[in-house]
Amino acid sequence: MIVFEAVTVTYPDAERPAIRDVELSIPEGELALVIGRTGAGKSTLLKAINGLVPHFTGGTLAGRVTVDGRDTRSYPPRELADVVGYVGQDPLAGFVTDSVEEELAYAMESLGVSPTVMRRRVEDILDSLGLTGLRHRPLRTLSSGEQQRVAIGSVLTAGARVLVLDEPTSALDPPAADDVLAALTRLVHDLGITVVAAEHRLERVIQYADRVVHVDDGGRVHDTTPTVAMENSIVAPPVVELGRLAQWAPLPLSVRDARRAADALRAQLATMPAPHERQPAVGQPVVSVRKLQANYDDLVALRGIDLLARRGEIVALMGRNGAGKSTLLAHLVGLNKPTAGQVAVAGHDPHRTSGSDLVRDVGLVPQEPADLFWADTVDDECAGAGGDARALLDRLAPGIAGHTHPRDLSEGQRLALALALVVAGKPTVLLLDEPTRGLDYPGKGRLVHVLRELAADGTAVILATHDVELAAEVSHRTVVLADGEIVADGPTREVVTASPAFAPQIAKILAPLPWLTVAQVRATLAVTP
Amino acid sequence: MSTLHAGRPPRALHPGAWWAWSLALATAATRTTNPIVLLLLVSVAAFTVTARRSPHSSRSFALFLRLGVVVLVVRVVFDIVFGAQPTGEVLVRVPTVPLPDWAAGLHLGGNITAQGLLTAVYGGLQLATLLVCVGSANALASPRRLLRAMPGALYEAGVAITVAMSFAPQLAAAAVRVRRARRLRGRPSSGVRSWLGIAVPVLEDALERSIELAAAMDSRGFGRRGTVSAARRRLVSSAVVAGLVAVAIAVYELLDATSPTLIGLPLLVLGTAIACGAVLFGGREPTRTKYRPDSWHAPEWVVVASGVAALAGMLVAGRLYPGSLHTTTYPLVVPQLPWPALVGLVLALIPAWATSPQIPVPQGISAPRQPVADSPEPAEVGR
């Protein structure tokens, strides 16, 4: 269905090709997963499939890409719309119309499909993606999981046999991600659609993949099966790491398979002492929120929040999209004025603090890290922040050239830069909003390391995240928000094992034993052979 | 959605009908400075919007109302500062500031008179009414739906407008986000210098998003070459544009009371003929199709007719009672309400009852989650 023959893509002004000498053939009806480190060239590979590279992005493409027999050299994206559907990282940015039905019909209108056929296809897609109840809803009022499904549906109605998805579940909370993945597997199995998806959250998708396409740091592509890829890859989800640790063969990719293989391990661990609860040095409280209420017009975003965080503590803030996590963070940095209640950060009211005083008290890495940038080069940006911003950046994301424009960085590199800039101000309290979007496992590992160091130095860290694995790995305490209220607040182990939606993979595999991460299991097995 | 099958199903009217109705009201407003008539016009527009607003543009009407008030206030303030009247009932005595020679003809300061003030209020009210009429069109049928109803020959222009329309709100959203982010890095977030500092990142961000939109449209088949030859398409497009330009000039001639209407009418007929001919000629290729094309039936005719009735009432009133539509301030008089204008305005209210209500947006049928968009999250630091 998709054939790459000796494909090399070079962008203008780039030192090396983004992808080079790619030989790849993906047959019809497969779900191919594209993995690789942040900035390795995954997006370039995806965009080459429907001709956005090079027709839209510029650069030169050597070699040949054919999709369903059409050469992208002579077919620009618009002429491939009836074969390939492309869904970008932010579906909302790609919506052309106002409502769900019109969006589903848009591509068909461009292709000149007859109205009667259009009506039938729209109904089919509404049914198969579970969107029937949303048909008249304005697109901007949908949740992000629903938006993702509408975006997928809107390219399928055009008759696309190939679906190309860039990070389809990265920004979604766990239940919404499940909805999208369920829809995708149904499309592959029932309709024989070919799906090519890039995704960092391997723990969510690897079990559904038929093929793994690994883009290495040099832009070369390795095409393998999921099991083989996971045996050797440095990017691996917790379930695979546990399998490697326990030397299970064949290597399990899903929680189900791992749980079936884990009987012996569970029996062995049951006789061993439970891992230590991570206890932070009990520092003085630096974040104190009392009875905080926040209203927007007639919508109540937060209803009476009480929260305390101490020096040296890492708190994970979880909850589905729209539960009020970002609102709470905005109050902690004083961007919003509380409707009622008090907020104190490092002893000051952040809403009344500004300038360098605020920077010393509290720093926030926003969901859109690029908002923080205004200089033309990474070096200028780091110089503007002062401190050891550059050194920290090199630790978080090694190998970024100083003259790079901040907006040319990949998503993960942008996050690293934003974090370096904020931490350079040495804030007493560090806040992060969805820090793992677009971050690969090694990047995540480095982030965890830096956060632990900061906490050890007495910084209080609060991170809002959907990433249960990260929360399990790094946080002392987890707070779950739902509809503007705190529904759980306690040690991470107790909170994340209490509900399946927020439980990390290792907890699911080893339940009811209290191990949460591979590192904990490894440590236990190391001390008691 | 069982109501769809009970009796006559509610359906959204053709957007063109609502725009014709609103533009007829706006044209009527250009014919008068009588404050009673203008306020009645605003009430008619506001009432109809409340009764039949489109679910996709719920907030825009309030915005236009506010804009109207701002225009009125600015007009009055300018008149007080620059437009001193030499004669009339003096309300407040203010000395005149002498201006240099190059500003001859301008006054600064001067007595504020009742006559001058009222003239300014009437003029401002007329502008505000025009804005409200356009706002009502915007609220009754989203401009995007109107664009969808455009003939195929004008499609490219329509898409350019769609992208442009999405650029402005994105610019505003980006400005809010970047200003807030500046605060996070300890920089001042207000004042001229901060605005200069954020201009580049804001533009970059909004541009990036618009390019993303363009890429999405391209990958979904926008602008596919049909079977039509490029030359023929270009011919059709330019004919349509030429026709519309002629219509625009003609309408201007007709609206401007001082210009001779001799050129206006023939130009209008000619322009319409060229545009329609080109659309019919160019619309024959099935390169694009429409999902649920908007249909035009009796209710649409009623809406258009009621708008035209309001305009006709205004014209008749102007003919029968000359001067009643332009309330004079020398001498000060109580404004009159000529009956033909009143009848026209009452007829303009018909659509508020005669049409079926717009289909409300079903909430929460399969979506337990809160609507995200009008909600707090986008306004925050993140998106």
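**Two chains and their cores**

In this predicted model, 67 residues of chain A are in contact with 52 residues of chain B. On the side of chain A that touches chain B, several elements give two or more residues: α3 (100–111), α4 (115–128), α5 (144–156), β12 (299–310), α12 (325–332), α13 and β15 (362–365) of chain A. The most is given by α3(A), with 8 residues. By type, the residues of this side of chain A divide into 34 nonpolar, 21 polar and 12 charged.

From the contact between the chains, the reader may turn to the nonpolar cores. The largest nonpolar core holds 196 residues, and those that touch the most other members are A:L33, A:V34, A:V162 and A:A420. Helix α16 (residues 411–423) of chain A supplies the largest share of this core, with 9 residues. Apart from this core lies another, of 46 residues, which includes B:W21, B:L25, B:V76 and B:A120.

One residue of the largest core, A:V34, may be followed in detail. Leaving aside residues up to four places away in sequence, A:V34 touches A:K42, A:L45, A:L46, A:V196, A:A197, A:A198, A:V213 and A:V215.

It remains to consider the confidence of the prediction. Chain A has a mean pLDDT of 88, and 99% of its residues reach 70 or more. Within chain A, confidence is highest in strand β8 (residues 194–198), at a mean of 95, and lowest in helix α13 (residues 355–361), at a mean of 85. Helix α13 is also among the elements that give two or more residues to the side of chain A that touches chain B. As a general caution, predicted coordinates should not be read in detail where pLDDT is low.

How values were computed:
Residues are numbered from 1 along each chain as its sequence is written. Chains are lettered from A and ligands numbered from 1 in the order in which they are written. This is a predicted model: local features need pLDDT of at least 70, side-chain atom pairs count only at pLDDT 80 or more; totals for chains, interfaces and linings use all residues. A nonpolar core is a set of buried Ala, Val, Leu, Ile, Met, Phe, Trp, Tyr and Cys residues joined through C-beta atoms within 7 Å. A residue is buried if 20 or more other C-beta atoms lie within 10 Å of its own, exposed if 12 or fewer, and partly exposed in between; C-beta atoms are placed from the backbone. Helices (H or I, at least four residues) and strands (E, at least two) are DSSP runs, numbered from the N terminus. Two residues are in contact if their C-beta atoms, placed from the backbone, lie within 7 Å. pLDDT is the predictor's confidence in each residue, from 0 to 100. Ala, Val, Leu, Ile, Met, Phe, Trp, Tyr, Cys and Pro count as nonpolar, Asp, Glu, Lys and Arg as charged, and the others, Gly among them, as polar.
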